[in-house]
Amino acid sequence: MNNDFINLLLTRRSVTAAEMTEPGPSDEQLETLLRCAHRVPDHKKLGPWRFIVFRGDARASYGEQLAKVFAKRNPDASSKLLEFERNRFTRAPLVIAVVCSPVVNEKVPEQEQVLTAGAVCQNMLLAATAMGFASQWLTEWYAYDKKFNKKLGLTKAESIAGYMYIGTAKNAPTERPRPDLDSRIRYLKEAE
Ligand SMILES: Cc1cc2nc3c(=O)[nH]c(=O)nc-3n(C[C@H](O)[C@H](O)[C@H](O)COP(=O)(O)O)c2cc1C
């Protein structure tokens, strides 16, 4: 048994984007992250996902776009709030949008393809954790904003499975209460 991997699964914690700092993954580490995320169960091998990687100045320029969309939707927003929107993507050194790109297939309902895109996100969190990086899976408001999705080049059929924020933790995360496991399991042992 690979105890290190089991232990990673048993202890993984998200670190909030606000608690992240430099450094982020190197080019080589980014490639490994993407390759790990990409290796997911995928009914009929449809590959219904793609990645949009925000690094460097792209984070601030897309933050500017985000603030513009936010201002349109919230004309009374304070300059402080707009500044917060502008800085969303610069909270972490690396942000990766995982896009669910469903393929029409009579054997694979869209729900399964969304689940596969979710697996891509989870693989990325696990790979980032294994590399010693902090990570958080966020959707916030903009994952569901049609205008911003259009600016990002998503088609009408596509959706955001998650924004994966990745960096270095300023402080180690503490444990949080977990949902009760026992009440969520039903063991079937006897013939009925
Ligand atoms: C699809 C999805 C979207 C999420 N979106 C947000 C979000 O917008 N804001 C937030 O605070 N947490 C969000 N979370 C929760 C965090 O990623 C994280 O799971 C949570 O803080 C619990 O921490 P843990 O991963 O260490 O258990 C989301 C989680 C998932 C799976």
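Is Arg55 buried, exposed or partly exposed? Arg55 is partly exposed, with a relative accessible area of 30%. The model described here is a predicted one.

## Salt bridges between distant parts of the chain

The structure contains nine salt bridges. In one of them, the side chains of Arg55 and Asp27 meet at 2.9 Å, N to O. This pair links distant parts of the chain, 28 residues apart: Arg55 belongs to the loop between β2 (49–54) and α3 (57–73), and Asp27 to helix α2 (residues 27–38). Whereas Arg55 is partly exposed, Asp27 is exposed, with a relative accessible area of 55%. The value for Asp27 counts as exposed because it is over 50%.

Another salt bridge joins the side chains of Glu158 and Arg50, at 2.8 Å, N to O. Because Glu158 lies in the loop between α6 and β5 and Arg50 in strand β2, the pair ties together parts that are 108 residues apart in sequence. Glu158 is buried, with a relative accessible area of 12%. Its partner Arg50 is partly exposed, at 29% relative accessibility.

## A network of charged residues

The side chains of Glu85 and Arg88 also meet in a salt bridge, with a distance of 2.7 Å from N to O. Salt bridges with shared partners connect Glu85 and Arg88 with Arg91 and Glu140 in one network. Within this network, Glu85 is buried, with a relative accessible area of 2%. Arg88 is likewise buried, and its relative accessible area is 8%. Both values are under 20%, so the two residues count as buried.

## Aromatic residues

The structure holds 10 aromatic pairs. One pair is formed by Phe54 and Tyr62, whose ring centres are 5.5 Å apart; their planes stand at 85°, so the pair is edge-to-face. An angle over 60 degrees is what places a pair in this class. The two rings have these accessibilities: Phe54 is buried, with a relative accessible area of 1%, whereas Tyr62 is partly exposed, with a relative accessible area of 29%.

Phe54 and Tyr62 are also members of an aromatic cluster. Together with them, this one cluster includes Phe70, Phe89, Trp141, Tyr142, Phe148 and Tyr163. A charged residue and an aromatic ring meet at Tyr187, where Lys189 lies over the face of the ring, at 5.7 Å from the ring centre.

## The largest pocket

The largest pocket has a volume of about 270 Å³. Its lining is made up of Ala143, Tyr144, Lys146, Asn149, Lys150, Leu154, Thr155, Lys156, Glu158, Ser159 and Ile160. By residue class, the lining divides into four nonpolar, three polar and four charged residues.

Two elements, α6 (146–152) and β5 (159–169), each supply at least two residues of this lining. The element that gives the most is α6, with three residues. Glu158 connects the pocket with the salt bridges described above: Glu158 is among the lining residues, and the side chain of Glu158 meets that of Arg50 in a salt bridge.

Technical notes
Residues are numbered from 1 along each chain as its sequence is written. This is a predicted model: local features need pLDDT of at least 70, side-chain atom pairs count only at pLDDT 80 or more; totals for chains, interfaces and linings use all residues. Side-chain values use heavy atoms; hydrogens and water are left out. Rings of Phe, Tyr and Trp (its six-membered ring) pair if their centres lie within 6.5 Å; planes under 30 degrees apart count as stacked, over 60 as edge-to-face and the rest as tilted. Buried means under 20% relative accessible area, exposed over 50%, partly exposed in between (1.4 Å probe, protein chains only). A charge sits over a ring if NZ of Lys or CZ of Arg is within 6 Å of the ring centre and within 35 degrees of the ring normal. On a 1 Å grid over the protein atoms alone, a cavity is a set of points where a 1.4 Å probe fits but cannot get out, and a pocket is an open set with protein on both sides within 12 Å along at least five of seven lines; lining residues have an atom within 4 Å of a point. Grid points are joined across faces, edges and corners, and a volume is the space filled by probe spheres set on the points. Helices (H or I, at least four residues) and strands (E, at least two) are DSSP runs, numbered from the N terminus. Ala, Val, Leu, Ile, Met, Phe, Trp, Tyr, Cys and Pro count as nonpolar, Asp, Glu, Lys and Arg as charged, and the others, Gly among them, as polar. A salt bridge is a side-chain nitrogen of Lys or Arg within 4 Å of a carboxyl oxygen of Asp or Glu.
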